[in-house]
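Please open the model in your viewer and keep the selection tool at hand. The stops below are meant to be taken in order, each beginning with something to select.

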Amino acid sequence: MIVARFAIFDLDGTLVDRQSALSDAVTGLCRTHSFGPETEQWLLTELADRAHAADFARLRAAFGLEVAAEQLWHEYVGLMAATSA
């Protein structure tokens, strides 16, 4: 029996609208934590091309947030996965 495995890479946003997913995920994250509009705009700007866990450490430092950067990162990844599905 032959099993074929493949992966699809959407590098240009043809299959998934990343900007819409980003906006939805950031809005959800900000609502959950009652972050203000300046925090939301920072996230939209900083994560526009790509997001990394380190971005959430910078966010935490920039706005003096009490929520752990790792927690914010995991919440963001979960929101992105849910909005992209």
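Begin by selecting Arg 58 and Asp 55 in this predicted model, and display their side chains, which meet in a salt bridge with an N to O distance of 3.1 Å. Both residues belong to helix H3, where, being 3 residues apart, they are separated by about one helical turn. Colour the two by accessibility and they part ways: Asp 55 counts as buried, at 9% relative accessibility, whereas Arg 58 is partly exposed, with a relative accessible area of 39%.

Keep Arg 58 selected and add Glu 46, with which Arg 58 forms a salt bridge whose closest N and O atoms are 2.9 Å apart. Which parts does this pair tie together? Arg 58 lies in helix H3 and Glu 46 in helix H2, so the salt bridge joins parts that are 12 residues apart in sequence. Glu 46 is partly exposed, its relative accessible area being 31%.

With Glu 46, Asp 55 and Arg 58 shown at once, you have the network of salt bridges that links these three residues. How many salt bridges does a search of the whole structure find? The search finds 2.

Next, select helix H2, which runs over residues 37-46, and within it pick out Thr 39, Trp 42 and Leu 43, which are buried. Turn the view until you look down the axis of H2: the buried residues fall within an arc of 95 degrees, so they line one face of the helix. To see what lies over that face, bring in helix H1 (18-33) and helix H3 (53-63), both of which are included in what covers the buried residues of H2.

For the last stop, narrow the selection to Thr 39, which is found in helix H2. Is Thr 39 buried or exposed? Its relative accessible area is 4%, and because the cut-off for buried is under 20%, Thr 39 is classed as buried. Now show the residues around Thr 39: leaving aside those up to four places away in sequence, Thr 39 touches Leu 59 and Phe 63. Both of these numbers fall within the range of helix H3 (53-63), one of the helices that cover the buried residues of H2.

Methods:
Residues numbered from 1 in each chain as written. Predicted model: local features only at pLDDT ≥ 70, side-chain atom pairs only at ≥ 80, totals over all residues. Heavy atoms only, no water. Buried < 20%, exposed > 50% of the residue type's maximum accessible area, 1.4 Å probe, protein only. Helix = DSSP H or I, 4+ residues; strand = E, 2+ residues; numbered from the N terminus. Arc of directions from axis to C-beta. Contact = heavy atoms within 4.5 Å. Salt bridge = Lys/Arg side-chain N within 4 Å of Asp/Glu carboxyl O.
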